[in-house]
Amino acid sequence: MAFLFRRGGAAKPGRGAARGPARGAGGGAARPPPAPWAGGGPPRPENLYVYDAAEVLSDETESSVVNACKALNESCGAEIAVMTMSQMPGSSENADARKAYAAQVVETWNLGGDTGNGLLLVLSIDDSDYWIAPTEKFQENFTMSVLRSLMSDYLETDFANKDYDAAVTKFVT
């Protein structure tokens with residue numbers, strides 16, 4: 001499985017504790033952060049497509065992303081899922097451990113179903129980093145070069161500005 005990291009090409013902003021808008025009162029129950037390596041990561045979310053452990057996405061964004069991902073899956077069998085975390089397990093300098101964790105999540109969630117046509121977008125908020133983990137099947141339609149361009153065009157600016165709702169919405173939809 002190939003991975004594309006933010007720090008691989010874009011300038012990395014200073015680390016800060018600022019986060020996107022907090023969930024409203026109707027935002028659902030808080031989810032504990034996933035335990036590293038526990039059973040391959042967190043269980044697949046009930047909505048199948050958005051696991052917002054960092055609680056940086058609004059309910060509206062989650063709903064929009066879930067609907068877009070369902071439509072994509074129904075139209076061509078591809079699955080995109082989004083996972084936010086305050087901080088990924090392992091140090092930010094240990095890319096191999098983080099790749100292994102993301103690969104475990106893709107496997108645990110059976111992302112892409114029987115065809116294996118899936119992509120996981122990971123936002124690690126406290127690390128000021130994000131990356132994607134596309135399956136080999138997904139890369140048959142979207143090369144790493146195309147995915148890198150999509151990250152730059154639709155994710156980077158809003159992520160750098162800590163507008164996680166806009167970043168995820170633009171990338172997924």
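This is a chat between a trainee and a mentor about a predicted model.

Trainee: Let's start with the overall layout. How many helices and strands are there, and what pattern do they follow along the sequence?

Mentor: The protein chain has six helices and five strands. Read along the sequence, they run β-β-α-β-α-β-β-α-α-α-α. Of its 173 residues, 47% count as buried.

Trainee: What makes strand β5 largely enclosed by the rest of the structure?

Mentor: Count the buried residues. Six of the six residues in β5 (residues 129-134) are buried, so the strand is largely enclosed by the rest of the structure. Look at where they point, too: Asp129, Trp131 and Ala133 go one way, Tyr130, Ile132 and Pro134 go the other way, and all are buried.

Trainee: Which strand does β5 pair with, and in which sense, parallel or antiparallel?

Mentor: Strand β4 (residues 118-124) pairs with β5 in the antiparallel sense. At least two bridges are needed for a pair, and here there are six. Pick Val122, for instance, and its bridge partner in β5 is Trp131.

Trainee: What about the hairpin of β4 and β5: how many residues sit between the strands, and which one takes a positive phi?

Mentor: Four residues lie between the strands, and Ser128 takes the positive phi, near 50 degrees. Ser128 is a residue other than glycine, and its place is in the loop between β4 and β5.

Trainee: Why is Ser128 called buried?

Mentor: Buried means under 20% relative accessible area. Ser128 has 2%, so buried is the right word.

Trainee: Leu48 has a positive phi as well. Where is Leu48 found, and what makes it partly exposed?

Mentor: Leu48 is in the loop between β1 and β2, with a phi of about 75 degrees although it is not a glycine. Partly exposed runs between the 20% and 50% marks. Leu48 has a relative accessible area of 37%, so it goes in that class.

Trainee: On to charges. Why are Arg44 and Glu79 called a salt bridge?

Mentor: The cut-off is a side-chain nitrogen within 4 Å of a carboxyl oxygen. Arg44 and Glu79 come in at 3.3 Å, N to O, so the pair passes that test. The pair links distant parts of the chain: Arg44 sits in the loop between β1 (4-5) and β2 (50-52), Glu79 in strand β3 (residues 79-85), 35 residues apart.

Trainee: How do you know which class each partner belongs to, Arg44 and Glu79?

Mentor: Use the same area scale. Glu79 has 8% relative accessibility, so it counts as buried. Arg44 has 21%, so it is partly exposed.

Trainee: What makes Lys170 and Asp158 a salt bridge?

Mentor: The N to O distance is 2.8 Å, so it fits within 4 Å. The pair links distant parts of the chain, with Lys170 in helix α6 and Asp158 in helix α5 (residues 156-160), 12 residues apart. Asp158 is buried at 12%, whereas Lys170 counts as partly exposed at 43%.

Trainee: And how do you know that Lys137 and Glu140 meet in a salt bridge?

Mentor: Their N to O distance is 3.4 Å, so that one is within 4 Å too. Glu140 has 58% relative accessibility; exposed means over 50%, so the label fits. Lys137, at 34%, counts as partly exposed. The structure holds four salt bridges, the ones we've discussed among them.

Trainee: How many disulfides does the count give?

Mentor: Zero. A disulfide needs a pair of cysteine sulfur atoms within 2.5 Å. As for individual cysteines, Cys69 is buried at 1%, and Cys76 is partly exposed at 48%.

Trainee: Last topic, the largest pocket. How much space lies in it, and which residues lie nearest its centre?

Mentor: About 210 Å³. The lining has 14 residues, and those nearest the centre are Leu72, Ile80, Phe138, Phe142 and Leu150. Helices α1 (59-76), α4 (144-154) and α6 (164-172) each supply at least two residues of the lining.

Trainee: How do the lining residues divide into nonpolar, polar and charged?

Mentor: There are 11 nonpolar, three polar and no charged residues. Leu, Ile and Phe count as nonpolar, so the five nearest the centre go in that class.

Conventions: Residues are numbered from 1 along each chain as its sequence is written. This is a predicted model: local features need pLDDT of at least 70, side-chain atom pairs count only at pLDDT 80 or more; totals for chains, interfaces and linings use all residues. Side-chain values use heavy atoms; hydrogens and water are left out. On a 1 Å grid over the protein atoms alone, a cavity is a set of points where a 1.4 Å probe fits but cannot get out, and a pocket is an open set with protein on both sides within 12 Å along at least five of seven lines; lining residues have an atom within 4 Å of a point. Grid points are joined across faces, edges and corners, and a volume is the space filled by probe spheres set on the points. Buried means under 20% relative accessible area, exposed over 50%, partly exposed in between (1.4 Å probe, protein chains only).
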